[in-house]
Amino acid sequence: MKRIRQAILQMDRRVLTYFNERENRPCVQRIVRLITALGNGAFYGMLTASVFLFINPLRPYAYLLIAAIFLNALDVNLILKKIFRRERPYDARREIRIAIVKPTDYSFPSGHTSVTTAITIILIYLGTRMGGGGWIFIFANIGFLLLMAFSRLYLKVHYLSDVLAGVAAGLINGFAVLFFRREIISFCETILSF
């Protein structure tokens, strides 16, 4: 177990060093900061859910998105980050330079990546029900997830293991919401019918 932990820490240092030694191009910086901003507070998921609420056939998917975002905030941000208490890379290594406002919470797992993964699982589920054009929708969402994961590494606010753990947590959350989708949809429709 100790060797596995050492291998993970070494991989984390290598990836972090790679991004820290690269010159940050202003154009790429702006794009990456925009991508990561869309994950702040699950902005793009809440925006998508807000739009879906007004389109009757998509309303159940809005409920699922909101449930995934809520579940992710609960288990990743309120529980897991406080259990692991991992320092951010720039706190652990003073030579790390970042180009955004420093996040103040813990690093492990990545909240941006986990919530984006959970949202992506719900949107993939929707995409499989869309017919022929659904595959474009699915690949666009997977592409956005990959960009989000990359942005967290590029901005040096997470280690690679934080991002991978975020993907794992997001997969669990997304599939948990899908498993209980009927109950979630029924609960939301009951609440909104008052």
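Here is a friendly conversation about how some features of this predicted model get their labels.

User: Let's start with helix 3 and helix 4. Why are they called roughly antiparallel?

Analyst: Helix 3 covers residues 43-53 and helix 4 covers residues 59-84, and the two pack at an angle of about 155°. Angles over 145 degrees count as roughly antiparallel, so helix 3 and helix 4 earn that description. Their axes are 7 Å apart, and helix 3 passes helix 4 in a left-handed crossing.

User: Which residues make that contact?

Analyst: From helix 3 come Gly45, Met46, Thr48, Ala49, Phe52 and Leu53. Helix 4 brings Arg59, Tyr61, Ala62, Tyr63, Leu65, Ile66 and Ile69. Sorted by type, the contact of helix 3 with helix 4 has ten nonpolar residues, two polar and one charged.

User: How do you know how helix 6 and helix 7 are oriented to each other?

Analyst: Again, the angle decides. The axes of helix 6 and helix 7 cross at roughly 175° and come within 9 Å. Set against the cut-off of over 145 degrees, that makes helix 6 and helix 7 roughly antiparallel, therefore. On the helix 6 side, the residues that meet helix 7 include His112, Thr113, Thr116 and Leu123. Among their partners in helix 7 are Phe137, Asn141, Leu145 and Arg152. The contact of helix 6 with helix 7 divides into ten nonpolar, eight polar and one charged residue.

User: On to the aromatic rings. How many pairs are there, and what makes Phe150 and Tyr154 a tilted one?

Analyst: The whole structure holds nine aromatic pairs. For Phe150 and Tyr154, the ring centres are 5.5 Å apart, and the angle between the planes is 35°. Centres within 6.5 Å make a pair, while planes under 30 degrees apart would be stacked and planes over 60 edge-to-face. An angle of 35° fits neither of those, so Phe150 and Tyr154 are called tilted. Both residues belong to helix 7 (residues 134-154), where they sit four residues apart, about one turn of the helix. Phe150 and Tyr154 also form one aromatic cluster with Tyr18 and Phe19.

User: Are Phe150 and Tyr154 buried or exposed, and why?

Analyst: The two get separate labels. Tyr154 has a relative accessible area of 10%, and under 20% means buried, so Tyr154 is buried. Phe150 has 36%, which lies between the 20% and 50% limits, so Phe150 is partly exposed.

User: Why is the pair of Phe179 and Phe180 called edge-to-face?

Analyst: The ring planes of Phe179 and Phe180 stand at 85° and the centres are 4.9 Å apart. Because planes over 60 degrees apart count as edge-to-face, the pair takes that name. Phe179 has a relative accessible area of 63%, so Phe179 is exposed, the limit being over 50%. Phe180, at 42%, is partly exposed.

User: How do you know whether Gln29 is buried or exposed?

Analyst: Gln29, found in helix 2 (residues 26-38), has 6% relative accessibility and therefore counts as buried, given that buried means under 20%. Leaving aside residues up to four places away in sequence, Gln29 touches Asn24, Ala99, Tyr154 and Leu155. Gln6, placed in helix 1 (residues 2-21), counts as partly exposed at 39%. C-alpha to C-alpha, Gln6 and Gln29 are 31 Å apart in space, with their positions 23 residues apart in sequence.

User: What makes the backbone at Arg85, Lys156 and Pro109 worth a look?

Analyst: Most residues other than glycine have a negative phi, and most peptide bonds are trans. Arg85, in the loop between helix 4 and helix 5, has a positive phi of about 50° although it is not a glycine. Lys156 likewise has a positive phi, of about 60°, and lies in the loop between helix 7 and helix 8. With a relative accessible area of 1%, Lys156 is buried. The peptide bond from Phe108 to Pro109 is cis, with omega near -10°, and Pro109 has its place in the loop between helix 5 and helix 6.

Definitions and conventions
Residues are numbered from 1 along each chain as its sequence is written. This is a predicted model: local features need pLDDT of at least 70, side-chain atom pairs count only at pLDDT 80 or more; totals for chains, interfaces and linings use all residues. Side-chain values use heavy atoms; hydrogens and water are left out. Axes are lines fitted to C-alpha atoms, for helices over the stretch in contact, and angles run from 0 to 180 degrees between N-to-C directions. Angles under 35 degrees count as roughly parallel, over 145 as roughly antiparallel, 65 to 115 as roughly perpendicular and the rest as oblique. A crossing is left-handed if the near helix is turned anticlockwise from the far one by less than a right angle, and right-handed if clockwise. Contact means heavy atoms within 4.5 Å. Ala, Val, Leu, Ile, Met, Phe, Trp, Tyr, Cys and Pro count as nonpolar, Asp, Glu, Lys and Arg as charged, and the others, Gly among them, as polar. Rings of Phe, Tyr and Trp (its six-membered ring) pair if their centres lie within 6.5 Å; planes under 30 degrees apart count as stacked, over 60 as edge-to-face and the rest as tilted. Buried means under 20% relative accessible area, exposed over 50%, partly exposed in between (1.4 Å probe, protein chains only).
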